[in-house]
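Student: Please give me a close look at one part of this structure, and stay with that part. I would like the terms explained as they come up.

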Amino acid sequence: MLTETRRAAVDTSAAELRRIERDLHDGAQARLVAMGMDLGTIEALIEKDPAKARELLARARKSSADALTELRDLVRGIHPPVLAERGLGDAVRALALRVPIASEVNVDFDGRRAAAPVESAAYFAVSEVLTNAVKHAGADRVWIDLRHSDGMLRIAVTDNGRGGARIGTGSGLAGIERRLGTFDGVLAVSSPAGGPTMVSLEIPCELS
Ligand SMILES: Nc1ncnc2c1ncn2[C@@H]1O[C@H](COP(=O)(O)OP(=O)(O)OP(=O)(O)O)[C@@H](O)[C@H]1O
Ligand SMILES: [Mg+2]
């Protein structure tokens, strides 16, 4: 069973690497090449034809903004190696370490694994919810609980910020709800004015 889990994790990582390589090649890399060519032309034109040079500068600036957006989206979508190798608990601990506010992570199923798509959906959900806590809540603490019992993975992320979280006013929480729906999972938000905010996720799944 463990061998199977490990092989699945390795397959996932290899497919993920190929996707990242392709996305980089077609996206940010192509933009940077175009930008380099425009900059070269600008260098040649800057005295002879300043108007044309200015036009190309605007285009180069747009290429750089597009490359940045693509890199950001790519990084957001990466199934991180720590998730494939060490599972949801450790991957969430790694996320929490990167959050610039105090965090506490509790996991009651360390050493056991959910299916890769479930781990991935849960990981990106926690990532978005933590980003929200930093961006919107004005919180200085966040608590992340991951438990599994009776065939259900339950995750709760609580912050001590100002409250007011709503599903559907942005794309983050609505996106989580949609993605969890594909596993018959649900998202619930409790966020009264003045806080605290608790975002809970439930995904039916077995652990191995
Ligand atoms: N932890 C939180 N504390 C306070 N308000 C929150 C919190 N999380 C979300 N919100 C509020 O709920 C709204 C919806 O969040 P959501 O993640 O869906 O969108 P967003 O973060 O604004 O944009 P996006 O995620 O698309 O970049 C936010 O705009 C914000 O006003
Ligand atoms: Mg958001």
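Tutor: A helix here is a DSSP run of H or I with at least four residues, a strand is a DSSP run of E with at least two, and both are numbered from the N terminus. The model is a predicted one, in which local features need pLDDT of at least 70 and side-chain atom pairs count only at pLDDT 80 or more, while totals for chains, interfaces and linings use all residues. Residues are numbered from 1 along each chain as its sequence is written, chains are lettered from A and ligands numbered from 1 in the order in which they are written, and side-chain values use heavy atoms, with hydrogens and water left out.

The part to look at is the sheet. It is an open sheet of five strands in the order 1-2-3-5-4, and its pairing is mixed. Two strands count as a pair if DSSP finds at least two bridges between them. Strand 1 (102–107) and strand 4 are at the edges with a single partner strand each, so each has one side without a neighbour in the sheet. From one strand to the next, the twist averages 10 degrees. Such angles run from 0 to 180 degrees between N-to-C directions, and the axes are lines fitted to C-alpha atoms, for helices over the stretch in contact.

Now take strand 3, residues 152–159. Which strands does strand 3 pair with? On one side is strand 2 (residues 141–149), joined to strand 3 by eight bridges in the antiparallel sense. Two residue pairs show the match: Ser-149 has Met-152 as its bridge partner, and Leu-146 stands opposite Ile-155. Strand 5 (residues 197–204) also runs antiparallel to strand 3, again with eight bridges. Here Leu-153 is partnered by Ile-203. Pairing of this kind rests on backbone hydrogen bonds, and strands may be parallel or antiparallel.

Is strand 3 mostly covered or mostly open? Six of the eight residues in strand 3 are buried, which makes the strand mostly covered. Buried means under 20% relative accessible area, exposed means over 50%, and partly exposed lies in between (1.4 Å probe, protein chains only).

Helices lie against the sheet. Helix 5 crosses strand 2, strand 3 and strand 5, and its direction is at about 10 degrees to that of strand 3. Helix 6 packs on the sheet as well, touching strand 4 and strand 5, and makes about 150 degrees with the direction of strand 4. A contact means heavy atoms within 4.5 Å. Helix 6 spans residues 172–181, and Leu-173, Ala-174, Gly-175, Ile-176 and Leu-180 in it are buried. Helix 5, strand 4 (186–190) and strand 5 are among the elements that cover these buried residues.

Helix 5 (residues 116–137) also holds Glu-128 and Asn-132, four residues apart, about one turn of the helix. An α-helix has 3.6 residues a turn, so residues three or four places apart point the same way. Both residues coordinate the magnesium ion (ligand 2), Glu-128 through OE and Asn-132 through OD1, at 2.0 to 2.1 Å. Donors are N, O and S atoms within 2.8 Å of the metal (3.2 Å for Na, K and Ca), and sites may look incomplete because water is not among the atoms. Glu-128 is partly exposed at 23% relative accessible area, whereas Asn-132 is buried at 16%.

The loops come last. The hairpin of strand 2 and strand 3 has two residues between the strands. One residue of this loop is Asp-150, whose phi is positive, near 50 degrees, although Asp-150 is not a glycine. With 77% relative accessibility, Asp-150 is exposed. In the loop between helix 6 and strand 4 sits Asp-184, also not a glycine, with a positive phi of about 60 degrees. Asp-184 has 65% relative accessibility and is therefore counted as exposed. The loop between strand 4 and strand 5 contains Pro-196. The peptide bond joining Gly-195 and Pro-196 is cis, with omega about -5 degrees. Most residues other than glycine have a negative phi, and most peptide bonds are trans.
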